Amino acid sequence: MKGSFVEALFKDEPLGTFADGHVFINAPDIVGAEPDPPVGYWRCDIAHDNQLMWSEKVYALFGLPGGAPVMRDWAVARYTETSRAILERLRTYAVSRKLGFILDAAIRPEGEGDRWIRILAVPILAKKSRRVVGLHGLKRPL
């Protein structure tokens, strides 16, 4: 969608990146992003066992050293019970409908008290099948 918040985040991506409004087709390189913005990038590869990739800022939000391997089950367990339930329902709905979402959620980082974060999630679609193969987006503290 021209002029949208999501489009502005990834304005340097090649033409054809956006389709059907806010659905993002080509994920940005979150590992090599320079400089790291005040928010953290993340990606979940749904097509390959929910593999997670996080930028340094997301590791910091969860109280982990950068580069440590992270499994989705571990990360989801860091959400408070209420936030985890909402996240799972919203994620399932968004993937089934090829939609993005924004969620404010409470997490329990390693060795710290509860913290609120804002999650922006956008689906990644396979080019041929248009099936959702991943989610990616931003996480930031509130």
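Select Arg 108 to begin: with a relative accessible area of 42%, this residue is partly exposed. The model on screen is predicted. Now add Asp 114, which forms a salt bridge with Arg 108; their closest N and O atoms are 3.0 Å apart.

Next, select Glu 112 and Arg 115. Their side chains meet in a salt bridge, at 2.6 Å from N to O. Glu 112 has 40% relative accessibility and counts as partly exposed. Arg 115, at 23%, is also partly exposed, because the cut-off for buried is under 20%.

Go on to Arg 118, found in strand 6, which covers residues 115-125. The relative accessible area of Arg 118 is 29%, so the residue is partly exposed. Show Asp 104 as well. Arg 118 and Asp 104 are 14 residues apart along the chain, and their C-alpha atoms are separated by 4.4 Å. The side chains of Arg 118 and Asp 104 are joined by a polar contact of 2.6 Å. To see the surroundings, display the residues that Arg 118 touches, leaving out those up to four places away in sequence: Ile 102, Leu 103, Asp 104, Leu 138, Lys 139, Arg 140 and Leu 142.

Lys 139, one of those contacts, is the next stop. Turn on Trp 42: the charged end of Lys 139 sits over the ring of Trp 42, 5.3 Å from its centre. For another charge over a ring, select Arg 78 and Trp 74. Arg 78 lies over the face of Trp 74, at 4.5 Å from the ring centre.

Now move to Glu 88 and Arg 72. These two form a salt bridge, with the closest N and O atoms 2.7 Å apart. Glu 88 belongs to helix 4 (residues 81-97) and Arg 72 to helix 3 (residues 72-77), so the pair ties together parts that are 16 residues apart in sequence. Which partner is buried, and which is partly exposed? Arg 72 is buried at 13% relative accessibility, whereas Glu 88 is partly exposed at 26%. In total, the structure has five salt bridges.

Finish with the aromatic residues. The structure holds three aromatic pairs. In one of them, Trp 54 and Tyr 59, the ring centres are 5.4 Å apart and the planes stand at 70 degrees, so the pair is edge-to-face. Trp 54 is buried, with a relative accessible area of 7%, and Tyr 59 is buried, with 8%. Add Phe 62 and Tyr 79 to the selection to see one aromatic cluster, formed by Trp 54, Tyr 59, Phe 62 and Tyr 79.

Methods:
Residues are numbered from 1 along each chain as its sequence is written. This is a predicted model: local features need pLDDT of at least 70, side-chain atom pairs count only at pLDDT 80 or more; totals for chains, interfaces and linings use all residues. Side-chain values use heavy atoms; hydrogens and water are left out. Helices (H or I, at least four residues) and strands (E, at least two) are DSSP runs, numbered from the N terminus. Buried means under 20% relative accessible area, exposed over 50%, partly exposed in between (1.4 Å probe, protein chains only). Contact means heavy atoms within 4.5 Å. A polar contact is a pair of N or O atoms within 3.5 Å; within protein, one must be able to donate a hydrogen and the other to accept it, and residues adjacent in sequence count only if both atoms are side-chain atoms. A salt bridge is a side-chain nitrogen of Lys or Arg within 4 Å of a carboxyl oxygen of Asp or Glu. Rings of Phe, Tyr and Trp (its six-membered ring) pair if their centres lie within 6.5 Å; planes under 30 degrees apart count as stacked, over 60 as edge-to-face and the rest as tilted. A charge sits over a ring if NZ of Lys or CZ of Arg is within 6 Å of the ring centre and within 35 degrees of the ring normal.
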